[in-house]
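Got the structure open? Here's a quick tour, taken one topic at a time.

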Amino acid sequence: MDFYQTSLSQLHDDLVNKKISATELTKETFDHIKGNEDQVKAFISLNEDQALKRAAEIDAKGISADQLTAGVPLAVKDNILTKGLTTTAASKMLENFNPVYDATVVEKLNAADYINVGKTNLDEFAMGSSTENSAFFTTHNPWDLTRVPGGSSGGSAAAVAAGDVLGALGTDTGGSIRMPASFNGVVGMKPTYGRVSRWGIIAFGSSFDQVGWLTQNVKDNALLTALISGNDERDMTSSLKEVPDWAAQLNESTNVKGLRIAVPKEYFDGLDEDVQEAIKAALDHLESLGAIVDEVSLPHTKYGVPAYYILASSEASSNLQRYDGIRYGFRADDVKNLEDVYVHSRSEGFGEEVKRRIMLGTFSLSAGFYDAYFNKAAKVRRLIAQDFEDVFKDHDVIVGATGASTAFKIGAEIDDPQTMYMNDVLTVPVNMAGLPAMSIPAGFSAKNGMPVGLQIIGKAFDEQTVYNTGYVFEQTTDFHKKTPQLGGQN
């Protein structure tokens, strides 16, 4: 099965009409993954035996027309709990952790009879922008195996870009779906905070984290996001708002005529020249289709990264207290007392980046520095949210680059945390404000041939306008049709 040349709806029709069985499709999917995996390294674990067993069960009972994902192979980021399937968060701390329940999003997918092919690689506990912080291995970008796939959902993005699956679940705390989508030339959507339940997600920054999809195209993303959205009484931040059928509006009549697009001047600061050229061309294209493009200002953008890393690290410091070597997870052997258990287990179980963020968060929350750091960062968060509210009074969407550069070389920034953090300068403000945002392919760098991502930001709970804008751009360009040649320089 060539996942580059099909869509979720077409694949569903083929399964319903028995042009292919779920078992045949699953076998072909694993053959494809195994053919790529030595080069790409997208998966921490594969679920082949259980996936084939599930496919046989689905074939036996048949697939009805209203079961969109029945028999469809999809992948799950390895910080999302899957009952009976190891969930590691790419950390030595959880290397052998076998959950006893499913995350809500996985429950919904199971109810829809999807096939879980495996768990994708990520930066440890979702802390990173390159997937180089995994405790196990670095995932490689299918467009150029010497480059990173972005992070933290790099494994999910690489799996989709390599044609392993039509879609893969990711999580986005400060850009962790959108940046990998940009680097890998795929579609990545972070829904509005609260749109999708976080229950069963290994927490990083609880007031920022949101689950979403990386897919081959916009319509598939809309279909899959609707499937996992909705209220969950186990998640107190879960929204009660009705989930629209976003995909139903994506058709030949969808257009951007009269759409009011805001382009923040701050979103061009520091862009590499090749990225800037691609984004300007994308904006010109949208304008040619009838959109109204205005330059605006989001003045507090420059404070987003420092404020985000104080707040998110503070939440991480609190969330990661549970990994103490006592209840579950890694426990150090060479210990003599209770303090040794705590210190050695955490020192040996956590990687360098996770420990760095725990220390930063603990410092920011400490009695002598709370007002100077955490409290000020929280005020900046409110100012950033207000900037968005002001712009959205007169505009429908905000559009700009997803990242300031294309995918960088493996090892180029791993020893420079400050530079690595600044990669998220265009994505973290969205999480600070809890807004929906999607990255779609906007073209390719004239310098190195790597994908460039266009970020479309919408009003809270207005995923529809984001999807509409992305769909029209996708259907009137051919960037999404170009696929990587594994191992080749592009």
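Let's start with Lys265, which sits in the loop running from strand S7 (260-264) to helix H8 (273-288). Keep in mind that this is a predicted model. Is Lys265 buried, exposed or something in between? With a relative accessibility of 44%, Lys265 is partly exposed, because that value falls between the 20% limit for buried and the 50% limit for exposed.

**Who Lys265 meets**
- Leaving out residues up to four places away in sequence, Lys265 touches Glu295, Val296 and Ser297.
- Pro299 is 34 residues from Lys265 along the chain, yet their C-alpha atoms are 9.1 Å apart.

**Helix H7**
- Helix H7 covers residues 218-228 and is mostly tucked away, with eight of its eleven residues buried.
- The buried ones are Val218, Asp220, Asn221, Ala222, Leu223, Leu224, Thr225 and Ile228.
- Look at the start of H7, and you'll find a side-chain oxygen of Asn217 within 3.2 Å of the backbone nitrogen of Lys219.
- After H7 comes Gly230, which has a positive phi near 125°.

**The nonpolar core**
- In soluble globular proteins, nonpolar side chains tend to be buried together.
- How many residues does the largest nonpolar core have here? The count is 140, and Val105, Phe125 and Phe388 have the most contacts inside it.
- Helix H9 (residues 304-319) gives the most to this core, chipping in eight residues.
- Phe388 has plenty to show you: not counting residues up to four places away in sequence, Phe388 touches Tyr267, Leu298, Ile398, Pro429, Val430, Ala433, Leu435 and Ile457.

**Rings with rings**
- Searching the whole structure turns up 17 aromatic pairs.
- One of them joins Phe369 and Tyr373, with 6.1 Å from centre to centre and 45° between the planes.
- Why is this pair called tilted? Its 45° angle is neither under 30 degrees, as stacked would need, nor over 60, as edge-to-face would need, so the pair counts as tilted.
- Phe369 is partly exposed, with a relative accessible area of 34%, and Tyr373 is partly exposed at 34% too.
- Phe125, one of the core residues with the most contacts, also belongs to an aromatic cluster with Phe97, Tyr323, Tyr328 and Phe350.

**Charges over rings**
- Which ring does the charged end of Arg234 sit over? That would be the ring of Trp199, with the charged end 4.0 Å from the ring's centre.
- Lys241 lies over the face of Phe461, at 5.3 Å from the ring centre.

Technical notes
Residues numbered from 1 in each chain as written. Predicted model: local features only at pLDDT ≥ 70, side-chain atom pairs only at ≥ 80, totals over all residues. Heavy atoms only, no water. Helix = DSSP H or I, 4+ residues; strand = E, 2+ residues; numbered from the N terminus. Buried < 20%, exposed > 50% of the residue type's maximum accessible area, 1.4 Å probe, protein only. Contact = heavy atoms within 4.5 Å. Phe/Tyr/Trp six-rings, centres within 6.5 Å; stacked < 30°, edge-to-face > 60°. Lys NZ or Arg CZ within 6 Å of the ring centre and 35° of its normal. Polar contact = N/O pair within 3.5 Å; in protein donor to acceptor, adjacent residues only side chain to side chain. Core = buried A, V, L, I, M, F, W, Y, C linked by side-chain atoms within 4.5 Å.
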